[in-house]
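Welcome, and thanks for taking a look. Below is a short briefing to read alongside the structure, arranged by topic.

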Amino acid sequence: MRLLYAVLHMLVAIPGGVALIGGAVVTALVQIWANKVRSLLTVLGIIIAVTSIITVVSLTQGFGDYVTNFLRGLGTNMMVCYPEWIRGPRGEFLRPAELSITDIQSVDTHADAVRRTSPVVFHNSTVEYGRRQLTGINLRGTNELFQPIRNYYVDLGRFYGPVDVENAAQVCVLGREVLRKLECDESLVGDYIHIDSQRFQVIGLLEAKGSFMGENQDQVICVPWTTALKMYPEQRDYLAFFVEAAAEDKIPRAEGQLVRILRQRHGLKPGQANDFGLFKQDQILQEFHKIRTIATSVLAGIVSISLLVGGIGIMNVMLVSVAERTREIGLRKSVGARRRDILMQFLTESVVLSTVGGAIGIVLGYGLAALASMHPSMTEVKVPGWSVALALGFSAGVGIFFGLMPALKAAIIHPIDALRHE
Amino acid sequence: MIATNDNAAQQVVIQLVDLHKIYRVGTELVHALRGVSLSIRKNEYVAIMGPSGSGKSTMLNILGCLDVPSDGAYLLAGQDVAKLSQSRLARVRGRQIGFVFQSFELLPRTTALKNVELPMTYTRARHRRRRALDGLSRVGLGDRIHHRPNQLSGGQKQRVAIARALAQQPDIILADEPTGNLDSVTGDEIMDIFDAVHADGQTIIIVTHEDHIAARCHRVIELKDGNVVRDEATGRAPDAARREASTAS
Ligand SMILES: Nc1ncnc2c1ncn2[C@@H]1O[C@H](COP(=O)(O)OP(=O)(O)O)[C@@H](O)[C@H]1O
Ligand SMILES: [Mg+2]
């Protein structure tokens, strides 16, 4: 209390209108401090609203950045084309459609919006080195263009070249997680490991990419696709390919050309469904946007309900405050307070009350956002300045809106009636 | 007309014309003032007396622009109060009139200094703190400025209230039984302050039921059942005032 009075004195010393507003705010703070518990309970709704705004906004923002970063890491213009299973007349699966290597080459030569392609053979492989054995390692059989297409480069040693691909050489490039799990250091480059019992020379190490959505992206092994098909001939049915568009804005054009060429090559009649699928990055983005829309609407719901609750709480406590201080209002009027002075006094109090609630909410929101950023997929979480401004604006607005009625009620009290109030 | 008076200090500041006040309590009407007419000149020192319920407070509240009459007119410095807007009334209450209540009416949890500054905050007066300090030392509380009401005695509280009433140097001081809650010694000290204020040229109207308080004023107006039943100068009145009062009655 002593401190508050010191602040009060200081503020009143500031000349002019600032002092007046400052004085009113300090008076309001003193009043709020005098009823700490009541004030806190009153602004609970506002605290919840503001905490939700800050947390949800910073989480969706942060998660958005995270997804965007991940997509950038995939190579911005990349698509994956994969065979779709062929269905019988009753919708039953007959057999997987086959994407042939000539399909891939045809797309590469005839689609001018496509810059690069690479076949890709997927397999879950077992890797052995010395006594260490790893299972479930993502093996990718690709051509030499994997690096630029996927924007994923070797940072030690070399990637396999066209000759390795042509000769189906037993060479491989390892992701950092594989290296870590094999308990090896970088001296493994040049050494030999076994992939599904075949001897491979490690010629390079891929740069670390980290994890996305809890999945480690570095648990990967790349080998020439020719080698992979030789080892796993049954994977021919699932042969897919990476397609890189010439530019980001050429993606739709590349997609159109690819679909046209493949349908033609597979002899599909109009009305027949594609026997291949396309995975594009904007699908991830769309998924994310869907999540964000849901989060935003849930947020809007929570915020409006808790602001309403908070506002009614403030209106209620202000009505109580006006009733409790009727005599004070009468006294103030008897020494010259105008209606607008009383109105401003109580309006200031309700706005200060709601803004204090807002400030508490901001602090809590920051705390929750900081807590969330400890999670590996939430490292990008930060509280945007506009969400703080929005939250403070909302709380001040609630203070004005719901404080107006009690303040008006106080302002129009007749001085003598107020002074006679018990 | 008072124009014949050559003394400027004797202009009429308060004039009541056939003033009525009727309270409605449920279906019952309480006639608190039944046609009061009187005038009070600048720098008069008036005691309003009368038995409890005779309408003293009602009249003083109307004089202080805290309440409005049911009928009749109240002219304050020649201005019909009924014609003033709400904000002009607030101005009158803030600048022209200083009101002292029987129950002090200080803001709780607020220092003496801040209580005295209060009227000045509404007129954005300058040097509020210094003026409040001056006011407090004038009523002998220069060493109690940071005390809050619950740390002050009744007499001290009333001094703070008087300092507050004087803060804006109003023309008129209205006090409703200012010594009613105080012992007689303390009451006399309060009256000493009023004497000094009166000597400075301010008009003072004090409601009291104590004869020794009234005896310190210069004019006594007695109410009974809402009517003026007596209006005369006291022994302390200067001759002119005594003459004035006796011709009026
Ligand atoms: N607010 C009110 N409502 C109803 N009656 C009132 C009110 N105030 C005063 N009265 C009545 O008016 C009369 C005069 O009261 P008041 O002016 O307070 O007398 P005094 O101050 O001389 O004791 C009394 O009968 C009192 O009961
Ligand atoms: Mg009374």
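Let's begin with chain B: for its 249 residues, a compact globule would have a radius of gyration near 18 Å, and chain B agrees because its own value is 18 Å. Please keep in mind that this is a predicted model. The points below fill in chain B and then turn to chain A.

**Chain B: size and fold**

- Taken along the principal axes, the box filled by the C-alpha atoms of chain B is roughly 45 × 45 × 35 Å.
- In secondary structure, chain B has 8 helices and 10 strands.
- Among the contacts in chain B with a separation of 6 or more, 68% are between residues 24 or more positions apart.

**Chain B: burial, surface and charge**

- Buried residues make up 53% of the 249 in chain B.
- The exposed area of chain B is about 11200 Å², and 47% of that area is supplied by carbon and sulfur atoms.
- Chain B carries 32 positive and 28 negative charges, and the mean positions of these two sets are 10 Å apart.

**Chain A: domains**

- The domain assignment splits chain A into domain 1, made of 2–70 + 287–420, and domain 2, covering 85–274.
- Between the C-alpha centres of domain 1 of chain A and domain 2 of chain A there are 56 Å.

**Chain A: Gln257(A)**

- You will find Gln257(A) in helix α10 of chain A, which covers residues 251–265.
- Gln257(A) has a relative accessible area of 9%; buried means under 20%, so Gln257(A) is buried.
- Once neighbours within four places in sequence are left aside, the contacts of Gln257(A) are Ala111(A), Asp112(A), Ala113(A) and Val114(A).

**Chain A: Thr135(A)**

- Thr135(A) belongs to strand β5 of chain A, residues 132–142.
- Is Thr135(A) buried or exposed? The relative accessibility of Thr135(A) is 57%, and the cut-off for exposed is over 50%, so Thr135(A) counts as exposed.
- Not counting residues up to four places away in sequence, Thr135(A) touches Ser125(A) and Thr126(A).
- Gly64(A) is 71 residues from Thr135(A) along the chain, and the C-alpha atoms of these two residues are separated by 33 Å.

Note on methods. Residues numbered from 1 in each chain as written. Chains lettered and ligands numbered in written order. Predicted model: local features only at pLDDT ≥ 70, side-chain atom pairs only at ≥ 80, totals over all residues. Heavy atoms only, no water. Helix = DSSP H or I, 4+ residues; strand = E, 2+ residues; numbered from the N terminus. Rg over C-alpha atoms; globule rule 2.2 N^0.38 Å. Buried < 20%, exposed > 50% of the residue type's maximum accessible area, 1.4 Å probe, protein only. Contact = heavy atoms within 4.5 Å. Areas by Shrake-Rupley, 256 points an atom, 1.4 Å probe, with all protein chains shown as cover. Lys, Arg positive; Asp, Glu negative; His and termini not counted. Charge placed at Lys NZ, Arg CZ, Asp CG, Glu CD. Domains from an automatic or database assignment.
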